[in-house]
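Trainee: I'm new to this one. Can you walk me through how the chains meet?

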Amino acid sequence: MINHLPILQVIVPLMAAPVAALVRKRGVAWFITVLATWASLAIAVLLLLDVRDGGTIRYALGGWAAPWGIEYRVDTVSAYVLVIVAGIGAIVTPYALLSVRREIGVKQAPLFYSALLLCLCGLLGITITGDVFNLFVFLEISSISAYALIAMGPDRRALHAAYKYLIMGSIGATFIVIGIGMMYMMTGTLNMADLARLLPSVGGRTVTVAFAFLAVGISLKLALFPLHQWLPDAYAYAPSTVTAFLASTATKVAFYVLLRVVFSVFGVVFAFETMSLHWALLPLAIVAVLFASLTAVYQGNVKRLLAYSSVAQIGYMILGVSLATVTGLTAGLLHLFNHAVIKGALFLAMGAVMYRVGSVRIEAMQGLAKRMPWTMAAFVAGGFSLIGVPLTVGFVSKWYLVLGAIENDMWLVAFFVLVGSLLAVAYIWKVAEAAYFKDYIGDLDVREAPLGLLVPMWALVVANFYFGVDANLTVGVARQAAELLLGVGP
Amino acid sequence: MRILGLYNYWIFIFLMMVGFYILISRRNLVKKILGLNIFQTSVFIFYISMGKITGGTPPILVEGSEEVIYSNPLPHVLILTAIVVGVSTTAVALALVVRIKEAYGTIEGDEISAMDNQIPF
Amino acid sequence: MTGLFGLSEPMAALAAVLIPLFGGGLVLALGKRPNRREAATLGTSGLLFLVVLSLLGPVLDGARPRLVLAEPLPGLPIYLEVEPLGLLFALVASSLWIVTSLYSIGYMRGHHEKNQTRFYLFFAVAISAAMGVAFSGNLFTLFFFYEALTLCTFPLVTHHQTEAARKAGRVYLGILLSTSIAFQLLAIIWTYSLAGTVEFRPGGILAGTGASGTVAAILLALYVFGIGKAAVMPFHRWLPAAMVAPTPVSALLHAVAVVKAGVFSVLKVCVYTFGWEFITDTGASDLVIWAAAATIILASLVAFTKDNLKARLAYSTISQLSYIVLGALLANEWGILGGGMHIAMHAFGKITLFFGAGAIMVAAHKTEISQMKGLGRTMPITFGAFFVGALSIIGVPPAGGAWSKWFLGLGTLEAGQVGLLAVLMVSSLLTLVYLLEIPVKAFFLSPEGGKGSTGIKEAPLTSLIALTLTALASIILFLQPKILYDLMSLVVGS
């Protein structure tokens, strides 16, 4: 059993998905989903513990050894991302019960849970696989289920948003397939470790083009500026649960794919010395941080505001990568976890507002702090973390990011990172001011969100502070992962 | 001659560009899906032609003819998966278009965007 | 060795941070009963002062109690450490909290302010943050409490919840947060990157790290401007903006905690992060010191043009703060000695002035200086105290400010900066004119509109007690400056 953990990680949600769809009972489907996500989390944690003790786990699917068969490969980086994805899934699914009841029709609910599980399965699969084509398949499993999930949003604009996401996402996926095909053409293998071994000796223009296709395709999935246009609408109109789930996991996994392709497949030397990837990523990342943060300030829909903020946060992560040092990469990986916790909490708070008020526009939030004190307090606490107030997780990532920039003598970059924080103050402040300093004008029957929503929300808020006060664990894992990717250290 | 000899790649690039152009230039949601399909098909051709080996036979092993050169079957198998993915994407996309037609009464992207922008969410 | 109530010294430092928080909780719990609520505030403030005072003896004897609270990042702990400079600030803040509470009770009731429970709650939290700033063991801890202080004073600044208050609140938060995040945090991380630590160590941590003169100069400028609470121009706008708040809040901002936390941080960075020898060796402060000098003069000039009493006092504060920044940047014994002492002297002087301004507002409903002619005859105690406070700010005997100004002057001479001495002189003259104008008008001019009874009486009793106490303290500090001097000697001697 314990030897088969890697495959169970993917199989559990995959098998639970059709069951959830077939039971046709909302409550039962929900219960199955919760069980499956918590089982996934347990498996992910076990894998992380295993990897930290015993090094990389390699699992040959169906007994076919790599490079012929598909290999699942768990190292510190993938185990770390697995825990994040499964953890967010485990926190979001209990929240879904009430939120889905409010936002999605009775008939569709079991299908919703089914799609959610498939999406989770896809994301976990991307993270765990060691085979590039398998990665593409899982990427599409997660994407297609994400399109369906977004389309279930309560507003009709969700449909249009999902459609736009589908078009952009498919273009990205096709680019990735082209890149994979070219790599296969040159090396005759799809196994990542094998590719890493063979690619340097092949070289040539085809490999360069393959790299370019992959980079663009992944950037589309990642919503890296300026390929981010699909993201704000998709996040704004999706059901609250889906927004929280996707915002904390989907872009993170795409970021993981970028790391894998850049560091594990092509290698630092090719990506940064031959291709000068950092000179492409660094300006884009900085523009993403500044432009998206500035756009966020002018949004009237808070979910959309947070979505633009997500584009900016992706900029921070990419910035960490483009530094190509241990500190920079540690910062990027830390922010991967930290941002998942931050945005999860913020979007869950907005989900609770949606549940009670039925709108997430700033005008609808005037004076809401008196009616929904716990929800708005969670939002402000999450906001502090997003800004990077000391003793929150946001501060930890900012610290390492700025430190990384300073170590590279990039003063201006360090300054821009902090300016991004200031813009975060501005857009979080807008919401907080409306909630706390305006008079309440809405319906009289609005009251605090039920416990079913508050508990998962506050679980993430507490995580924001817990890992901010004691970041030794996350910093340790992230640094180990960064050293692994860069091929330095122990 | 070298350029013409690689004609399969030219077809791939031509189809890819056609598909991509339709994808960005058309505002009709169904036509966009058509463009996406052509775009993806080009990649299928790219994969399939990649496995072709000059003078190669179908990859069927017959007793006593182990020396025969045969085409690489793996890209074909791979692309079968990609085709399945493409079909499901198209299915989801068309389903979305049906729902959009129900909700908006049109499938013209411009008109939908105009309706979206009328009311603040 | 145990101190007060059997607390060991490190625990006493922690208690200093926790007691006001606890007091805040008590205020919240007793919110419905104003008398008990106010008793709770007064009780906690008294207790806090005793606890801080109990640290004085050990610290003078050379103890440096230290307590690690947490280690959020590897190699970056949050810890408290009591050293003489911090203790001086803590003593000033905790003693002034008592009188400010006393004064607030009269003012808030006399003015029929709303939301008084919230006011006392956040006031207590702000004091807790100020204690944290005072006892910070490293830059990271300092930054944390510094930001906490900004955030928890925000509800006080916007106490009236009007549109004007909201606007002022935005300026307040905007400037303080942006400077601290964009400059101060950058400087802290830069320091960490250079020295591998951010702890406060006598003699500094930057010497010997290979930081060049240019790097040191940029870093120092980042700190001076990044500590926005020190209100060095052009980052001073928040201080006049915050004048919309009730007067006790202005007292808190100007005298007790907020701006003092700013200049204290500048002093601490100069002494314990750079080390004053390192500053002199590298000439890091050569340019930025003129920003402080310019602020001294410009703010005094602006103060001249203000007819609104609180606005004039606000610009006076900006000018006086830069005296302390200047003292720190002079980077010699006398400059730092004078700067440190001026924290206390200015605190007692300026709080008297603000109490006076508030008392005039409550009793006579007057805010403009031009309306105060002849008011001294009906409110002799208030204006008498005001006069003493003004003397201390100007720096003439028999008020405490004379000492600190004297040492600052010596500091400029020691540094060979005659130009700066001239700046101090000119500014003192300006201060003399714009501050003394007020009591002079009140005492010697006859009120407008004849001598008829205006119905104006002296301010509420608790307010009078408070401002008399602080005025007396200013005089006592002139006669007995020894404790301050001893504490500061430990700072510069080490």
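**Chains and their contacts**

Mentor: Across the interface of chain B and chain A, the rule finds zero salt bridges. Keep in mind that this is a predicted model.

Trainee: How many residue pairs are in polar contact across the interface of chain B and chain A?

Mentor: Eight, with both residues at pLDDT 80 or more. On the side of chain B that touches chain A, helices H2 (7-25), H3 (29-50), H4 (74-104) and H5 (109-118) each supply at least two residues.

Trainee: Which of them gives the largest share?

Mentor: H4(B), with 16 residues. By class, that side of chain B has 31 nonpolar, seven polar and three charged residues.

Trainee: How many residues does each chain put into that contact?

Mentor: Chain B puts in 41 residues and chain A 34 residues. Together they bury about 3,400 Å². Carbon and sulfur atoms carry 77% of that area.

Trainee: Which chains have the most contacts between them?

Mentor: Chains A and B, among the two pairs of chains that touch.

Trainee: Where does that leave chains B and C? How far apart are their nearest C-alpha atoms?

Mentor: They are 26 Å apart, and the two chains do not touch.

Trainee: OK, on to chains A and C. How much area do they bury between them?

Mentor: About 2,700 Å², with 82% on carbon and sulfur atoms. On the chain A side, A:Trp399, A:Leu418 and A:Phe437 lose the most area to chain C. Together they make up 24% of what that side buries. The contact takes 31 residues from chain A and 29 residues from chain C.

Trainee: How many salt bridges are there across the interface of chain A and chain C?

Mentor: The rule finds one. A:Glu433 pairs with C:Arg170, and their closest N and O atoms are 3.0 Å apart. The rule also finds four residue pairs in polar contact across this interface, both residues at pLDDT 80 or more.

Trainee: And which helices of chain A supply at least two residues each to the side that touches chain C?

Mentor: Helices H15 (373-387), H16 (393-407), H17 (411-437), H18 (451-469) and H19 (472-486). H17(A) gives the largest share, 11 residues. That side of chain A has 23 nonpolar, three polar and five charged residues.

Trainee: New topic. Which residues form the nonpolar patch on the surface?

Mentor: B:Leu6, B:Tyr7, B:Trp10, B:Ile11, B:Ile13, B:Met17 and B:Ile45. Their accessible area together is about 670 Å². H2(B) gives the most, five residues.

Trainee: And where is B:Leu6?

Mentor: B:Leu6 sits in the loop between helix H1 (2-5) and H2 of chain B.

Key:
Residues are numbered from 1 along each chain as its sequence is written. Chains are lettered from A and ligands numbered from 1 in the order in which they are written. This is a predicted model: local features need pLDDT of at least 70, side-chain atom pairs count only at pLDDT 80 or more; totals for chains, interfaces and linings use all residues. Side-chain values use heavy atoms; hydrogens and water are left out. Contact means heavy atoms within 4.5 Å. Buried area is the accessible area (1.4 Å probe) that two parts lose on being put together, summed over both. A salt bridge is a side-chain nitrogen of Lys or Arg within 4 Å of a carboxyl oxygen of Asp or Glu. A polar contact is a pair of N or O atoms within 3.5 Å; within protein, one must be able to donate a hydrogen and the other to accept it, and residues adjacent in sequence count only if both atoms are side-chain atoms. Helices (H or I, at least four residues) and strands (E, at least two) are DSSP runs, numbered from the N terminus. Ala, Val, Leu, Ile, Met, Phe, Trp, Tyr, Cys and Pro count as nonpolar, Asp, Glu, Lys and Arg as charged, and the others, Gly among them, as polar. Patches are made of residues with over 30% relative accessible area and no salt bridge: like charges are joined within 9 Å, nonpolar side chains (Val, Leu, Ile, Met, Phe, Trp, Tyr) within 5 Å. Accessible areas come from the Shrake-Rupley method with a 1.4 Å probe; for residues, only the protein chains shown count as cover.
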